[in-house]
Amino acid sequence: MTTDLALRADLAVRGVRVDAPVRRRSGAGPSDDGHVFLGGIGTALPISSSSPYEITGGRLLLDGADLGLDVEPVRRPAFYDLVTDDGVPFEQLARLHGSDVLATTVVQTCMRYADEATRCRFCAITASLDAGATTAVKTPAQLAAVAEAAVRLDGVRQMVLTTGTSTAPDRGARHLARCVRAVTEAVPGLPVQVQCEPPGDLAVLTELREAGATAIGIHVESMDDAVRARWTPGKATVPMADYWSAWHEAVRVFGRNRVSTYLLVGLGEHPDELVAGAAELVAAGVYPFVVPFRPLAGTLEASHPPPPATLVADVTARVAAVLAAAGMRGAEQGAGCAACGACSALPVAGG
Ligand code: SF4
């Protein structure tokens, strides 16, 4: 049996209970997910002790009833057991996402985080740093070593480099470029996605491409200014016009469907407007990676309810239809969240 969209959306919102070690600590992207193959599709599921869904014995159960879906946990990768020459565990430098994505946050702090008035209200970027599970800044040499090992030992097929935003005009993009260059020199041909805010100097996008990045995510989370002001007050000071300039330049440099952005479902935006915004992005060659908002412990909105599963399914289906009509598939990004797809229901909907 394959996963249908309604079930995938419900799982995204309600999470699962698990009897196997499928959890990872927070890092780039949503934290505390279980990484599994669900009906053969790589899927990241929130772990929730109160969920009516349960993974046990390699099967997915709802209120104890077998849903007829095989669930296979992603095994712990061998590279986690290595350490750098100066004694830093590889596990603290990058994490396995899904079954074959190596993900890291190259700078684990953000200029918008210190002040709650500017912090994104769903963000927990320093949680794993505070827990001693990662380092604040990863060097290019460290990431090159981890990437080489992860490809050699664990069959990693793509890498995602995200960053907190720095106060420098490049918003941290130049450090990303140095990291990409080191990684692609160590592992020629490895698809790498970078993620950053719109840099003040758009020429940095060309530097990232020339450093070897395959794809780029410039994440706006919502295209509604009122929603942005409420949920991402610091980032909302960057006007939408700057996002559009960065997306257009990124498409020129990286190509159509090599650029993406997150759109979060459940921040209060009208679904029709969210879908219309996604369609604008698709028309510009930018992949809208639709993901449900998740209340995470340690964030400013830890007790905000997640969106209804019906809303997630509806928006996901409509955005998937827009993507299909444009002939854009996440896998064609080559690297990044849209290529991985584990955090979104879009792969189940054909996106
Ligand atoms: S979509 Fe994949 S790469 Fe992106 S945060 Fe989720 S698991 Fe990580």
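**Exercise 1.** Determine how the shell around the ligand divides by class.

*Solution.* The shell holds eight nonpolar, three polar and no charged residues. Here Ala, Val, Leu, Ile, Met, Phe, Trp, Tyr, Cys and Pro count as nonpolar, Asp, Glu, Lys and Arg as charged, and the others, Gly among them, as polar. Next, identify the members: 11 residues surround the ligand, and His35, His97, Cys337, Cys340 and Cys343 come nearest. A residue is near if one of its heavy atoms lies within 4 Å of the molecule.

The model is predicted: local features need pLDDT of at least 70, side-chain atom pairs count only at pLDDT 80 or more, and totals for chains, interfaces and linings use all residues. Residues are numbered from 1 along each chain as its sequence is written, and side-chain values use heavy atoms, leaving out hydrogens and water.

**Exercise 2.** State where Lys235 is found and whether Lys235 is buried or exposed.

*Solution.* First, locate the residue: Lys235 belongs to the loop between α6 (225–231) and α7 (240–254). The helices are DSSP runs of H or I with at least four residues, numbered from the N terminus. Second, consider accessibility: Lys235 counts as buried because its relative accessible area is 9%, and buried means under 20% (1.4 Å probe, protein chains only).

**Exercise 3.** List the residues with which Lys235 is in contact, leaving aside its neighbours within four places in sequence.

*Solution.* Contact means heavy atoms within 4.5 Å. On this basis, the partners of Lys235 are Arg112, Cys120, Glu197, His219, Glu221, Arg228 and Tyr243. Turning to His219, its backbone oxygen is reached by the side chain of Lys235 at 2.6 Å.

Technical notes
Helices (H or I, at least four residues) and strands (E, at least two) are DSSP runs, numbered from the N terminus. Buried means under 20% relative accessible area, exposed over 50%, partly exposed in between (1.4 Å probe, protein chains only). A polar contact is a pair of N or O atoms within 3.5 Å; within protein, one must be able to donate a hydrogen and the other to accept it, and residues adjacent in sequence count only if both atoms are side-chain atoms.
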